[in-house]
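The following exchange examines how the labels attached to a protein model are justified. Each reply sets a computed value against the relevant criterion.

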Amino acid sequence: MVTLVESMVGAHPARPCLVLANSEGAGGLSKAAALGVPTAVVDHRPYKGDREAFQAELQHVLEAHQPDIICLAGFMRVLTASFIENWDGRMLNIHPSLLPKYKGLHTHARALEAGDSEAGCTVHEVTAKLDDGPILGQATVPISGDDTAESLAAKVLMQEHRLYPAVLKRFAAGDKTPVLLP
């Protein structure tokens with residue numbers, strides 16, 4: 001999130017208007033505030049068992065800030081089709097694998113278990129199917145014989161910080177051509 005906010009300067013076609021979290025303790029909130037970006041929290045816990053009510057409050061907060069694009073970054077709640085439809089074609093997510101491989105969790109361990117020679121990350125449009133929207137960018141990293149899930153995650157994170165800002169800049173300018181980084 002910080003990398004995205006810091007990238008939206010100068011000739012960048014987007015500007016941050018809100019950082020929204022589902023937990024008061026989210027580290028990005030204080031970082032966003034320090035960067036001058038408004039913040040909000042919609043805690044999911046009071047809505048246990050009522051995802052639609054939680055998402056209605058998310059929608060209310062988002063509408064108040066009028067974003068053109070939503071960039072998910074560390075937001076670990078599954079959103080329903082009804083919420084996603086409100087932002088169709090305007091919501092991006094980054095996933096720590098080379099989609100369509102390894103949708104969901106534990107992507108680095110799964111790549112290692114499969115004996116893959118490379119891993120990476122993907123920025124995609126969010127659709128109702130988990131980690132399945134149109135791919136807008138991918139970046140790769142080689143897997144070394146001594147990599148662990150943690151060391152691989154660290155290498156992929158470095159690429160995420162390169163890829164997501166590049167994709168956002170292109171996407172905000174109206175260009176959905178995939179960004180491919182080695």
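**Reasoning from values to labels**

Q: Where is A32 placed, and what makes this residue buried?
A: A32 lies in helix α2, which comprises residues 27–34. The model is a predicted one, and in it the relative accessibility of A32 is 0%. Buried means under 20%, so A32 counts as buried.

Q: Which residues does A32 contact, leaving aside neighbours within four places in sequence?
A: The contacts of A32 are M1, V19, V37 and T39; the criterion is heavy atoms within 4.5 Å. A32 and F171, by comparison, are 139 residues apart in sequence, with their C-alpha atoms 22 Å apart in space.

Q: How do you know that the span of helix α6 agrees with the expected value?
A: Helix α6 covers residues 149–172, which is 24 residues. At 1.5 Å a residue, it should span 34 Å, because the expected span is 1.5 Å times one less than the number of residues. The end C-alpha atoms are 33 Å apart, which agrees.

Q: Where does α6 bend, and by how much?
A: The bend is at E160 and amounts to about 25°. This angle is taken between axes fitted to the seven residues ending at the bend and the seven starting there. E160 is also one of the buried residues of α6. Others among them are L152, V156, Q159, L163 and F171.

Q: What follows α6, and what is the sign of its phi?
A: G174 follows α6, and its phi is positive, near 90°.

Q: How many disulfides does the structure hold, and why is C17 not in one with C71?
A: The structure holds 0 disulfides. The closest cysteine sulfur to that of C17 belongs to C71 and is 9.9 Å away. A disulfide requires the two sulfur atoms to be within 2.5 Å, so this separation is too far for a bond. Taken from the other side, C71 is in no disulfide either, the nearest cysteine sulfur being that of C17.

Q: Why are C17 and C71 called partly exposed?
A: The relative accessibility is 27% for C17 and 28% for C71. Partly exposed covers the range between the 20% limit for buried and the 50% limit for exposed; therefore C17 and C71 both receive that label.

Q: How many aromatic pairs are there, and what makes the pair of Y47 and F54 tilted?
A: The count comes to 1 aromatic pair. In the pair of Y47 and F54, the ring centres are 5.9 Å apart, and the criterion for pairing is centres within 6.5 Å. The planes are 55° apart. Planes under 30 degrees apart count as stacked and those over 60 as edge-to-face, so the pair is called tilted.

Q: Is Y47 buried, partly exposed or exposed, and which label applies to F54?
A: Y47 is partly exposed, with a relative accessible area of 25%. F54 has a value of 5% and is buried, as the limit is under 20%.

Q: How many salt bridges are there, and what makes K101 and D116 one of them?
A: The structure holds 7 salt bridges. The side chains of K101 and D116 meet at 3.2 Å, N to O; the limit is within 4 Å, so the pair qualifies. This pair links distant parts of the chain, 15 residues apart: K101 is in the loop between β4 and α5, and D116 is in the loop between α5 and β5. K101 is partly exposed at 42% relative accessibility, whereas D116 is buried at 16%.

Q: What makes D147 and K155 a salt bridge?
A: The closest N and O atoms of D147 and K155 are 2.7 Å apart, which satisfies the limit of 4 Å. D147 counts as buried at 12% relative accessibility, while K155 is partly exposed at 23%.

Q: Which residues are linked with D132 in a network of salt bridges?
A: K103 and K129 are linked with D132 in that network. For D132 and K129, the closest N and O atoms are 4.0 Å apart. K129 is exposed, with a relative accessible area of 56%, and D132 is partly exposed at 31%.

Q: Where is H124, and why is this residue called buried?
A: H124 is placed in strand β5. Its relative accessible area is 2%, and since buried means under 20%, the label applies. Not counting residues up to four places away in sequence, H124 touches several others, including M91, H95, L99, D132 and P134.

Key
Residues are numbered from 1 along each chain as its sequence is written. This is a predicted model: local features need pLDDT of at least 70, side-chain atom pairs count only at pLDDT 80 or more; totals for chains, interfaces and linings use all residues. Side-chain values use heavy atoms; hydrogens and water are left out. Helices (H or I, at least four residues) and strands (E, at least two) are DSSP runs, numbered from the N terminus. Buried means under 20% relative accessible area, exposed over 50%, partly exposed in between (1.4 Å probe, protein chains only). Rings of Phe, Tyr and Trp (its six-membered ring) pair if their centres lie within 6.5 Å; planes under 30 degrees apart count as stacked, over 60 as edge-to-face and the rest as tilted.
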